[in-house]
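Me: I would like to go through this model carefully, one question at a time, with each answer tied to its criteria.

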Amino acid sequence: MNKLLQSKRRGSAIALVLLVIVILLATGVGLLSLGLHSRIFAIRNASDIVARCAVDAGLTKALFEMNEKLKVKPWDGSTLPQATDEMLPNCDAIYSYTITGDIGNGYIIESIGKSNQAERRVNSSLRLQGPFECALFVQGTMILKAGTLVDGYNSLDPGDTDVEVRIGTDSTLPNSIMLNFGVAVNGDVLVGVGGDVESVVQDQGATVDDKYAINVETVFPDITVPALPDKGTEISVHGTTLTMGPADNGEYDGIELKRAANPGVLEITGGDVVLHVTGDTSLGQDCEIIVREGASLTLYLDGDLVAGNQAGINNENSPVNFKLYGTGEGAQEFDLKAKGDFFGAVYAPNADIIINAGGDICGSFIGSNFEIKSGGNFKYDEALKNVSVDDEAVRFVIQHWSEE
Amino acid sequence: MSKKEPTVQPGFTIVELMIAVMLAAIVMFGVGAMVVDSQRGWQRMYNHIYSDVATDSYVARKTFDSVVRKASSETFLLDAAGSWIEVYYYEDPNSAFVDSYARFSYDGIGQLDIEYGRLNPRQTLTVRTVCENVSSCVFKASGRSAQMILTLDDGSQTATIVSSSVMHNQ
């Protein structure tokens with residue numbers, strides 16, 4: 001036995017063992033390499049997704065900051081929001097954003113999101129959006145009388161024939177929009193998010209371009225009544241004509257126009273008149289509010305508006321010159337009338353609006369419920385889309401978005 | 001003359017040989033199993049990373065993501081059965097209206113396509129195959145988000161990806 005162990009003949013065991021070790025090492029290294037690649041691939045994918053979330057968060061934050069800044073009047077564009085390497089909560093991503101531009105040429109947000117080696121970059125241009133983007137929009141029901149034609153025009157550019165007209169509701173309840181026989185909408189009819197258009201729109205023989213459900217719930221911005229001198233009284237006119245100009249801007253307890261021998265008339269003239277009425281507005285028979293040519297009336301109304309026979313609000317200008325904002329905390333009722341064509345824009349998300357006009361109705365109406373009882377056709381004035389930073393209920397929205 | 005004594009060569013008994021052979025066989029079997037298992041693991045991992053199913057699912061996710069993210073949130077079309085979705089976007093960044101569309105569609109027999117085209121008037125520009133070996137594809141939408149649930153199967157490997165993106169444009 002000892003001789004066998006002491007044999008000097010060469011064996012092959014070491015070579016075999018080494019061969020096996022080499023094979024196992026090669027396989028192991030290959031597996032590790034693949035595993036590493038797989039891991040790197042997964043990390044890159046995950047980082048890319050996290051960077052995407054970060055860049056979106058940066059854009060959202062920048063837009064929010066711009067809208068917060070917009071709430072402070074007057075607008076100050078000298079300093080614009082910016083952020084550098086802000087942490088996205090609960091992950092290792094960071095985002096930065098810068099805003100460039102000015103109110104005249106528009107603003108551009110550049111947002112950058114980073115996570116590990118992944119980087120995403122997004123550019124967005126902003127535009128101001130006012131409350132009158134739609135011809136008619138309600139939170140509840142809308143009824144258009146038979147034969148109404150809903151169309152659009154642009155009082156600032158009569159040559160503009162390509163006006164986007166939209167009417168709609170935020171509701172998804174059945175029969176929220178009633179289009180009676182002969183109604184023609186040269187535009188789209190919108191229903192609330194997820195709504196069934198065939199159910200929400202009761203079509204009794206109308207023609208429309210398209211009907212579809214909106215994708216995002218509509219925002220009805222709050223109205224901030226400007227600080228006005230408290231007049232401590234109501235505007236009361238009995239059988240006479242009261243003329244008001246910019247010097248009369250202020251807060252009043254109510255407006256009451258009554259007929260005596262002659263109808264009571266409130267005449268707005270001489271410039272931009274801003275009234276805040278904390279009570280109701282009542283127009284007796286034949287009484288009227290007249291907005292004279294060259295003047296404008298912005299009326300913030302906390303109460304209701306009622307109008308008797310042949311009463312009305314008659315604006316001798318384009319719809320831009322008469323704006324009525326419903327500022328009541330609860331439900332409101334606006335009974336609008338016009339002897340001829342009605343020109344005006346009404347933004348009252350909590351108000352039930354009923355309109356009777358002797359002629360066409362031009363402008364835009366945003367309310368809780370809306371009904372055209374009498375009148376001619378409805379014409380949306382696209383000029384109402386032109387807003388400035390000092391207008392009511394404006395906010396920045398993304399106009400164009402692009403990703404590098 | 002002395003008689004030569006017979007030499008005794010040292011050797012193994014048959015039992016020793018059998019034990020040695022069995023031990024060697026066990027060791028070789030173990031080593032062989034490890035090598036084969038390693039090879040299978042390597043192959044499986046390689047397929048997992050570089051197979052058509054893996055790369056196609058990656059391409060599909062990236063394509064869906066890039067197209068939907070630039071789409072307009074105003075409107076899109078979604079098949080009731082979820083087999084296609086059509087989104088609209090601005091080809092020209094200065095355009096006031098969405099001017100182009102992209103339509104993802106699953107043909108039901110293994111192919112996911114994307115069709116690009118212009119609007120007003122509608123005109124198909126290109127139709128491209130995003131990926132093959134699709135065993136199922138369902139599109140869903142909620143608010144401004146669209147989702148694609150895609151399952152790829154090439155017979156040897158199956159992969160399911162869920163890709164969700166928000167439409168950012170107006």
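The questions below take up chain B, then strand pairing in chain A, and then the nonpolar cores.

Reply: This is a predicted model, in which local features need pLDDT of at least 70, side-chain atom pairs count only at pLDDT 80 or more, and totals for chains, interfaces and linings use all residues. Residues are numbered from 1 along each chain as its sequence is written, while chains are lettered from A and ligands numbered from 1 in the order in which they are written.

Me: What radius of gyration does chain B have?

Reply: The C-alpha trace of chain B spans about 125 × 30 × 25 Å along its principal axes. The radius of gyration is taken over C-alpha atoms, and the globule rule is 2.2 Å times the number of residues to the power 0.38. A compact globule of 170 residues would come near 15 Å, but the value for chain B is 32 Å.

Me: How far does helix 2 of chain B reach from its first C-alpha to its last?

Reply: Helices (H or I, at least four residues) and strands (E, at least two) are DSSP runs, numbered from the N terminus, and chain B has 2 helices and 8 strands. Helix 2 covers residues 52–69, which is 18 residues. The expected span is 1.5 Å times one less than the number of residues; for this helix that is 26 Å, and the model is close to it at 25 Å.

Me: Which residue stands opposite A:Ile112 in strand 4 of chain A?

Reply: Two strands pair if DSSP finds at least two bridges between them, and strand 3 (residues 106–115) and strand 4 (residues 118–129) of chain A pair in the antiparallel sense over 8 bridges. These two strands form a hairpin with 2 residues between them, and A:Asn116 in the turn has a positive phi of about 55°. Opposite A:Ile112 in strand 4 stands A:Arg121.

Me: What is the bridge partner of A:Ser124 in strand 29 of chain A?

Reply: Strand 4 of chain A also pairs with strand 29 (residues 395–403) of chain A, in the antiparallel sense and over 8 bridges. In strand 29, the partner of A:Ser124 is A:Trp401.

Me: Which strand gives the largest share of the largest nonpolar core?

Reply: A nonpolar core is a set of buried Ala, Val, Leu, Ile, Met, Phe, Trp, Tyr and Cys residues joined through C-beta atoms within 7 Å; buried means that 20 or more other C-beta atoms, placed from the backbone, lie within 10 Å of the residue's own. The largest such core has 74 residues, and A:Leu136, A:Ile167, A:Val346 and A:Ile353 have the most contacts inside it. Its largest share, 11 residues, comes from strand 26 (residues 342–357) of chain A.

Key. Buried ≥ 20, exposed ≤ 12 C-beta atoms within 10 Å, placed from the backbone.
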